[in-house]
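Student: I'd like a close look at the salt bridges in this one. Please take the charged pairs one by one, and tell me how open to the outside each partner is.

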Amino acid sequence: MKELAETRAVAGFVFVTDESPVYLKAAVGERVTLPLFKPPWIVVGHTPERVLVARWPGRLFRAHVVSPTTDEERAAMARAADNLRSDAGYTRAIAVDLLEEISPSVLFGPQGDAVIRVIEAAIALDEEGARTLAAARHPAADREYSKAWDRWLAEQPNAAHNRHQDHASTLLIPGAGTSGSPIGDGFAVVWHMLRKSAQLRGRAESFAVDEDGDEVVLDPWQTAGGALLDAAMAFGAPHLVDRHALAVLTRAWNVVFPSLDESS
C-alpha cells in the first residue's frame, strides 16, 4: 500500500469488516489496491445509503476511487464497470485512497446510533433473553411495524406498488427509495445477528428447514427477532411512528433493556 501523496476529492464510502479481504484492512491515509485485477472489486458507495452492509461490525471510510494510469488498469476498470447501471449508486474500483474514518452509524440514517444499540442487543441475546422478548412482544406489533413501513413507502418515488401490503417481518424492499428501508440495511443486520446468536446460544431445536429447503429460525428466537425489528423501527425511524405505535413497538424492548432506551 502506498501512502497518500495528496488530498483528493471524496468519491464515496467503503465499509470494511473482519471478514473483508486482508488488503482492505488498511489505515486512513493509505492506498488500497487489488492484488489481482479481477473480482471481487472494491465497491465504493456514492452515499452511505448505497453502502451494502452484509456483515457486522465494521469500519466505514470516506474513499476516493483512484483513476487508472496504465493500459492494464484502464482495461481492469472497464471490466469492473461492465453491466453497471449509471444509476447504480456505487462504483467498482481496483484501487482507492482511504481519506477519513467515520462512524458507521451513518449507514443507518440520522438515528443510526440507536439502530446500533439494537444490533448490539441482538449480538448479545441468549435463550432466556429471547424468551423474555418473545413473551413481552405486543400483539399489535406486526400491524404497527407494517404501518410504519407503509408510511415510509408513501414518501418514496415509484413505490406505490409496494404500499398497502403486509410488511410484517420485512427487512428490505430493493428499489424502494435510495436505501431500501427507513434505516438502510439496519433491519437486515439486526436479523442476521439475531440468527447468529440463535446458532451460538440457542437450543438445537431453534432452527428448522421449511418446504423450500431453507433454514428458518423458530420461536422464541423468531418472535424475539420481531421485537428487535420493532425497536429498530421505533428508535431508528421515529418520524414514522406515533405515540401509540411507539408504545407498542418498544414494549418488549423496555421489558428486557429498560436502561437502553432511545435517549441513552
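**Salt bridges, pair by pair**

Tutor: Let's start with D71, which counts as exposed at a relative accessibility of 60%. Keep in mind that this is a predicted model, so every value here is computed from predicted coordinates. The cut-off for "exposed" is over 50% relative accessible area, and that's why D71 gets the label. Its salt-bridge partner is R74, with 2.8 Å from N to O between the two side chains. R74 comes out at 42% relative accessible area, which makes it partly exposed. Sequence-wise this is a local contact: D71 and R74 are three residues apart, about one turn of the helix, and both sit in α1, which covers residues 71-80.

Now for a pair that reaches across the sequence. E100 and R62 join their side chains in a salt bridge, at 3.1 Å from N to O. E100 belongs to strand β6 (residues 95-102) and R62 to strand β4 (residues 58-65), so this bridge ties together parts that are 38 residues apart in sequence. What about exposure? E100 has a relative accessible area of 38% and is partly exposed. R62 is partly exposed too, at 28%. Buried would take a value under 20%, so neither R62 nor E100 falls in that class.

Next up are D87 and R85, whose side chains form a salt bridge with an N to O distance of 2.7 Å. On the acid side, D87 is partly exposed, its relative accessible area being 44%. On the base side, R85 reaches 59% and counts as exposed. The 50% cut-off therefore falls between the two partners of this bridge.

Charged groups here can also link up beyond simple pairs. A network of salt bridges connects R137, D142 and D230, with one arginine and two aspartates taking part.

To put these in context, searching the whole structure turns up 12 salt bridges. The pairs I walked you through are among them, including E100 with R62, R74 with D71, and D87 with R85. If you want one contrast to take away, set the bridge inside helix α1, where the partners are three residues apart, beside the one between strands β4 and β6, where the parts it ties together are 38 residues apart.

Definitions and conventions: Residues are numbered from 1 along each chain as its sequence is written. This is a predicted model: local features need pLDDT of at least 70, side-chain atom pairs count only at pLDDT 80 or more; totals for chains, interfaces and linings use all residues. Side-chain values use heavy atoms; hydrogens and water are left out. A salt bridge is a side-chain nitrogen of Lys or Arg within 4 Å of a carboxyl oxygen of Asp or Glu. Helices (H or I, at least four residues) and strands (E, at least two) are DSSP runs, numbered from the N terminus. Buried means under 20% relative accessible area, exposed over 50%, partly exposed in between (1.4 Å probe, protein chains only).
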